[in-house]
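The exercises below are meant to be worked with the sequence and the model open side by side. Each one sets a task, and a solution then follows in steps.

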Amino acid sequence: MTGNEQMSNFSSLAYGLMRLLDDKKGYSLKRVREKIDTCLEFGISSFDHADLYGGYTCEEVFGKALKEDSSLRENIQLITKCGIRLLDNKYPQTYIKHYDYSNSLIQKSVDNSLSYFATDYLDLFFIHRPSPLINYEELGRTLDSLVDEKKILAAGVSNFLPHQVQSLQNFMSNKLVSNQIEIHPLKLDAFTDGTLDQCQSLKMRPMSWSPFAGGEIFTARDHRTYQVRQAFEHMCTKYSISLDQCILAWLLKHPTQIIPVLGTNNTDRIKSMTEAKNINLELQDWFFLYKACTGVDVP
Ligand SMILES: NC(=O)c1ccc[n+]([C@@H]2O[C@H](COP(=O)([O-])OP(=O)(O)OC[C@H]3O[C@@H](n4cnc5c(N)ncnc54)[C@H](OP(=O)(O)O)[C@@H]3O)[C@@H](O)[C@H]2O)c1
């Protein structure tokens, strides 16, 4: 099965939990459930985690909702990542930020995630970032064994360049299904560095993290960002849509069916963002925005 086929049950927008603890309304079980329900009501069923979010606590906080209502599990896709080791009280033996992709660390991290989520499988498991010490053969074996044991339904990578994806794929019998990368109007590398081309040719489904540049696009503190925002606002007027919808529609137009991962804690924004699926930007409008992002006409 290709990555696209394996991810066909994922929603076209995903919801990210990195900012779960930053929610001004708190992160009580009731509040977490409110956001899950809003996502589900408006067609977002894929939830993106990482072991380290919230100082290695977000999976557990979110998982309380799954523990309280086990019927939720069958209606959602759980995505998580591992490998970045931060300085954190929970791990006093870590004295410097580093990456660990040893078999033992990955197995332990998957088991922790399964336990926090009260489930026996993860829908998608990402290697969070490439490491200068990556051992592709060992990593490939570990990921294959997790798929074979059905602890994870699929494996993917995050922030990998095309040659790194291929180096890992060469050692795996299962297909890598996704590369979760930073793509948004202020970060366009994936369009030209081969990442999106590779996703097409290997039938992987990219996911875009921080689709609004972590909110920078709204605050537009520097001149360039302000100009980019103005160009998107021009199209907002033409299509009678909001700025967030316009940015999402621009990402969604790509043929790889990029899945943007939303980070807002605001349920009204979640609702409104899901409208982006119904907006089809005209070809030249897409290029108008691309030009605004790059600053130059295409050659
Ligand atoms: N793989 C990786 O390496 C990686 C790295 C970073 C993130 N991620 C994933 O990507 C997800 C999303 O990242 P992100 O949170 O940086 O994404 P984002 O959606 O680009 O940024 C979210 C921020 O933008 C603000 N925002 C959103 N819509 C807004 C609007 N219409 N007006 C004003 N402010 C708005 C939000 O504030 P409000 O809450 O107030 O709306 C929030 O502070 C994460 O949760 C995580 O799952 C992955």
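**Exercise 1. How many of the 6 residues of strand S3 (residues 77-82) are buried?**

Before starting, note that this is a predicted model, in which local features need pLDDT of at least 70 and side-chain atom pairs count only at pLDDT 80 or more, while totals for chains, interfaces and linings use all residues. Residues are numbered from 1 along each chain as its sequence is written.

Step 1. Fix the terms: strands (E, at least two residues) and helices (H or I, at least four) are DSSP runs numbered from the N terminus. A residue is buried if 20 or more other C-beta atoms lie within 10 Å of its own, exposed if 12 or fewer, and partly exposed in between, with C-beta atoms placed from the backbone.

Step 2. Apply them to the strand: 5 of the 6 residues of S3 are buried, so that the strand is mostly covered.

**Exercise 2. Place S3 among its partners and then in the barrel.**

Step 1. Two strands pair if DSSP finds at least two bridges between them. Strand S2 (residues 46-48) runs parallel to S3 and is joined to it by 3 bridges, with Ile79 in S3 as the bridge partner of Asp48.

Step 2. S3 also pairs with strand S6 (residues 124-127), in the parallel sense and over 4 bridges; here Cys82 has Ile127 in S6 as its bridge partner.

Step 3. Strand S1 (residues 14-16) is joined to S2 by 3 bridges, again in parallel, and Tyr15 stands opposite Phe47 in S2.

Step 4. Following the pairing around, 8 strands close into a barrel in the order S1-S2-S3-S6-S7-S8-S9-S10, with parallel pairing. Neighbouring strands of this sheet are turned by 25° against each other on average, direction ignored.

**Exercise 3. Describe how helix H11 (residues 223-239) meets helix H12 (residues 243-252).**

Step 1. Axes are lines fitted to C-alpha atoms, for helices over the stretch in contact, and angles run from 0 to 180 degrees between N-to-C directions. The axes of H11 and H12 come within 9 Å and cross at roughly 100°.

Step 2. That angle makes H11 roughly perpendicular to H12, a class that covers 65 to 115 degrees.

Step 3. Taking two residues as in contact if their C-beta atoms, placed from the backbone, lie within 7 Å, Phe232, Glu233, Met235, Cys236 and Tyr239 in H11 meet Leu243, Cys246 and Ile247 in H12. These residues divide into 7 nonpolar, no polar and 1 charged.

**Exercise 4. Which residues are closest to the ligand?**

Step 1. A residue is near the ligand if its C-beta atom, placed from the backbone, lies within 6 Å of it. By that criterion 25 residues surround the ligand, and the closest are Gly16, Met18, Trp209, Gly215 and Gly263.

Step 2. Sorted by class, the shell holds 9 nonpolar, 12 polar and 4 charged residues, where Ala, Val, Leu, Ile, Met, Phe, Trp, Tyr, Cys and Pro count as nonpolar, Asp, Glu, Lys and Arg as charged, and the others, Gly among them, as polar.

**Exercise 5. Is Lys150 buried or exposed?**

Step 1. Lys150 lies in the loop between helix H6 (136-148) and strand S7 (155-158), and has a positive phi of about 65° although it is not a glycine.

Step 2. Lys150 is exposed, because 10 other C-beta atoms lie within 10 Å.

Conventions: Parallel < 35°, antiparallel > 145°, perpendicular 65-115°, else oblique.
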